[in-house]
Amino acid sequence: MNLGYACINMTLGKKVTMSRTMVRRTFEAKGLDYVSDLALLNAKDMIKILEWNRMNGIMFFRASSAIVPWGDHIDITTLKDYKEIADELRKAGDYAKYWKMRITCHPGPFNVLVSPKENVVLNTIADLELHGKIFDLMGLDRSPYNKINIHCNGVYGDKKIAMDRFIDNFKLLSDSVRSRLTIENDDKASMYSVKDLMYIHNAIKIPIVFDYHHHTFNTGNLSEQEALELAITTWPKGITPVTHYSESKIGNKPQAHSDYIERIPETYGNIVDIMVEAKAKELAILKFI
DNA sequence: CATGGTCAAGTGGCA
DNA sequence: TGCCACTTGACCATG
């Protein structure tokens, strides 16, 4: 079982980060050369973060979605430093593979494959394809071992009709994305429980990521163990399923994530990798490593 | 250099 | 109606 954290290393601070980006105004003012500069810095720092992880016994990490700022709006192969960026990404991927470190990603809430709006779906495809390209450049597996995980992110009054659009739109994705795509249960009762998501799994066979925290808001009438084990059945043989774990922040909406975690979740004897979503990032899991 | 207002994008819940 | 929460806060103008 691996414990992982997401995107940002608090110990290394703001000087070592793979999340440099820019606002639209700057993108329009400085253009592709500045995108290239930031992407190269981000790619180089990813290796530093992975090295830090290995030195500290952390073998599971979620890559930032902001490695190439505005990368879903441009052809990244035209960037002035593209060769060097690709080379750095490859080095990071090689490093991860050599040390058997698991890398995943989680594109943001603007990715809505169930949307009835064509432009939303097209934007979603562009963002997912960027993630696929980056993982390809890193040389990561085309399997859910290196998952690209999203939520459905919308219901529009009818889950089944919405999920049918997911299933249709899935066919528009490249093999790079389709082979890695996973779906996660939601933290609202009106949205998708693990049981709901089985409808998508049964149609297109992509695995379900079980989020412990979200499950408490939307059980689908399954116990934690039942939902976890149902999700586990959706993963291919030989690939350790991923789960997400977080705890509620006191004083906020209960869905908000706490800085640290008090415990490691119950796995009921199953082997899973656990991505811990806590605001203190690697600091939250170090004491459990 | 610290800080606070602002920032691409979608959706649903809530005061 | 406007804010919050989710992927992951980061950017940038100002003092």
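**Close-up views of a predicted protein–DNA model**

**View 1. Surroundings of DNA strand B.** A polar atom in the side chain of serine 190 is placed 2.3 Å from a phosphate oxygen of DNA strand B, in a model that is predicted. Tyrosine 156 also approaches the backbone of DNA strand B, with an N or O atom of its side chain 2.4 Å from a phosphate oxygen, and for serine 115 the corresponding side-chain distance to a phosphate oxygen of DNA strand B is 3.3 Å. In total 20 residues surround this strand, and the closest are Arg24, His73, Lys117, Tyr156 and Ser190. Sorted by class, the surface near DNA strand B comprises nine nonpolar, five polar and six charged residues. Sugar or phosphate supplies 48% of the atoms of DNA strand B that lie within 4 Å of the protein, while the rest belong to bases.

**View 2. Surroundings of DNA strand C.** Around DNA strand C there are 27 residues, of which Thr26, Arg62, Ser65, Gly108 and His151 come nearest. Of the atoms of DNA strand C within 4 Å of the protein, 76% are accounted for by sugar and phosphate. Two of the contacts shown reach phosphate oxygens of DNA strand C: arginine 25 does so through a polar side-chain atom at 3.3 Å, and glutamine 255 through a backbone N or O atom at 2.9 Å. Glycine 108, by contrast, places a backbone N or O atom 3.0 Å from a base oxygen of DNA strand C. The surface near this strand has seven nonpolar, eleven polar and nine charged residues.

**View 3. The bend in helix H1.** Helix H1 changes direction at glycine 31, where the bend is about 105 degrees. Although H1 has 32 residues, its end C-alpha atoms are only 37 Å apart, short of the 46 Å that a straight helix would reach at 1.5 Å a residue. Just after H1, glycine 57 adopts a positive phi of about 75 degrees.

**View 4. A salt bridge between helix H1 and a loop.** The side chains of aspartate 37 and lysine 80 form a salt bridge with an N to O distance of 2.6 Å. Because aspartate 37 belongs to helix H1 (residues 24-55) and lysine 80 to the loop between strand E2 (60-63) and helix H2 (82-98), the pair ties together parts that are 43 residues apart in sequence. Aspartate 37 is partly exposed, at 33% relative accessibility, and lysine 80 is likewise partly exposed, with a relative accessible area of 46%.

**View 5. A salt bridge between helices H4 and H6.** Lysine 159 and aspartate 196 meet through their side chains in a salt bridge of 2.9 Å, N to O. This pair links distant parts of the chain, with lysine 159 in helix H4 (residues 159-170) and aspartate 196 in helix H6 (residues 194-204), 37 residues apart. Lysine 159 counts as partly exposed at 23% relative accessibility, and aspartate 196 is partly exposed at 21%.

**View 6. A salt bridge between sequence neighbours, and a network.** Aspartate 187 is joined to lysine 188 by a salt bridge whose closest N and O atoms are 3.8 Å apart. With 17% relative accessibility, aspartate 187 counts as buried, whereas lysine 188 counts as partly exposed at 44%. Elsewhere, salt bridges link Asp136, Arg142, Asp175 and Arg180 in a network. The count of salt bridges in the model comes to 17.

Conventions: Residues are numbered from 1 along each chain as its sequence is written. Chains are lettered from A and ligands numbered from 1 in the order in which they are written. This is a predicted model: local features need pLDDT of at least 70, side-chain atom pairs count only at pLDDT 80 or more; totals for chains, interfaces and linings use all residues. Side-chain values use heavy atoms; hydrogens and water are left out. A residue is near a molecule or strand if one of its heavy atoms lies within 4 Å of it. A polar contact is a pair of N or O atoms within 3.5 Å; within protein, one must be able to donate a hydrogen and the other to accept it, and residues adjacent in sequence count only if both atoms are side-chain atoms. Ala, Val, Leu, Ile, Met, Phe, Trp, Tyr, Cys and Pro count as nonpolar, Asp, Glu, Lys and Arg as charged, and the others, Gly among them, as polar. A salt bridge is a side-chain nitrogen of Lys or Arg within 4 Å of a carboxyl oxygen of Asp or Glu. Helices (H or I, at least four residues) and strands (E, at least two) are DSSP runs, numbered from the N terminus. Buried means under 20% relative accessible area, exposed over 50%, partly exposed in between (1.4 Å probe, protein chains only). The expected span of a helix is 1.5 Å times one less than its number of residues. The bend at a residue is the angle between axes fitted to the seven residues ending there and the seven starting there.
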